[in-house]
Amino acid sequence: MSATAGHADGVKSPADRLGIQPGMVVMEIGYDDDGAVDLRDAVAERVGDDLVDEDSDEVVDVVMLWWREDDGDLFDALVNALTPLADNGVVWLLTPKAGRSGHVEPSDISEVAPTAGLQQTSSISAAQDWSGARLVAPKAARSKR
């Protein structure tokens, strides 16, 4: 079965766009009523289990961090997202798209991420109203963790 099974038209599912694989452990932080239900449902379906919340003690493969401009200190949130993350894990910083309430400027992300020990590797349209920034620890830092 291909990675895009069920999507014969070549359109990737939300879970595909995030690189989610079956069996991964995905933590979700900051989800609220304005979040993209379709995205989180697709991720849960792909991993075959519920998403874990930020109170979990599990080591996770992916952190989905829903973040809005007025949510507080982005640096602190990114540092906290690193705590449960596996060595080769990914933080998906999900922010409202431009023109939406709570939009976070991409320059803010690119400024804060390296200070928190992360580098941005890509950006995607994660859902209708949400953008995603893929953040990882630099390779040198991962080998020291």
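Start with helix H4 and look at the side facing away from its buried residues: there you'll find Glu-111, Pro-114 and Thr-115, which are exposed. Bear in mind as you turn the structure around that this is a predicted model.

Now flip to the other side of H4. Its buried residues are Ile-109, Val-112 and Ala-113. Sight down the helix axis and these residues fall within an arc of 105°, so they line one face of H4. What do the buried residues of H4 pack against? Their partners are H3, E4, E6 and strand E5 (119-127). Carry on just past the end of H4 and you meet Gly-117, with a positive phi of about 90°.

From there, step into the interior. In general, nonpolar side chains of soluble globular proteins tend to be buried together. Here the largest nonpolar core has 23 residues, and Val-63, Leu-65, Leu-78, Leu-93 and Leu-135 have the most contacts inside it. Two or more residues each come from strand E1 (26-29), strand E3 (60-66), helix H3 (74-82), strand E4 (85-96), helix H4 (106-115) and strand E6 (130-136). H3 is the top contributor to this core, giving five residues.

Leu-93 is a handy place to park your view. Setting aside neighbours within four places in sequence, Leu-93 is in contact with Leu-65, Trp-67, Leu-74, Ile-109, Ser-131, Gly-132, Ala-133 and Leu-135. Ile-109 on that list takes you back to H4, where it is one of the buried residues. Apart from this core lies another, of 20 residues, including Trp-66, Val-90, Leu-94 and Val-136.

Key
Residues are numbered from 1 along each chain as its sequence is written. This is a predicted model: local features need pLDDT of at least 70, side-chain atom pairs count only at pLDDT 80 or more; totals for chains, interfaces and linings use all residues. Side-chain values use heavy atoms; hydrogens and water are left out. A nonpolar core is a set of buried Ala, Val, Leu, Ile, Met, Phe, Trp, Tyr and Cys residues joined through side-chain atoms within 4.5 Å. Buried means under 20% relative accessible area, exposed over 50%, partly exposed in between (1.4 Å probe, protein chains only). Helices (H or I, at least four residues) and strands (E, at least two) are DSSP runs, numbered from the N terminus. Contact means heavy atoms within 4.5 Å. The arc is that of the directions from the helix axis to the C-beta atoms.
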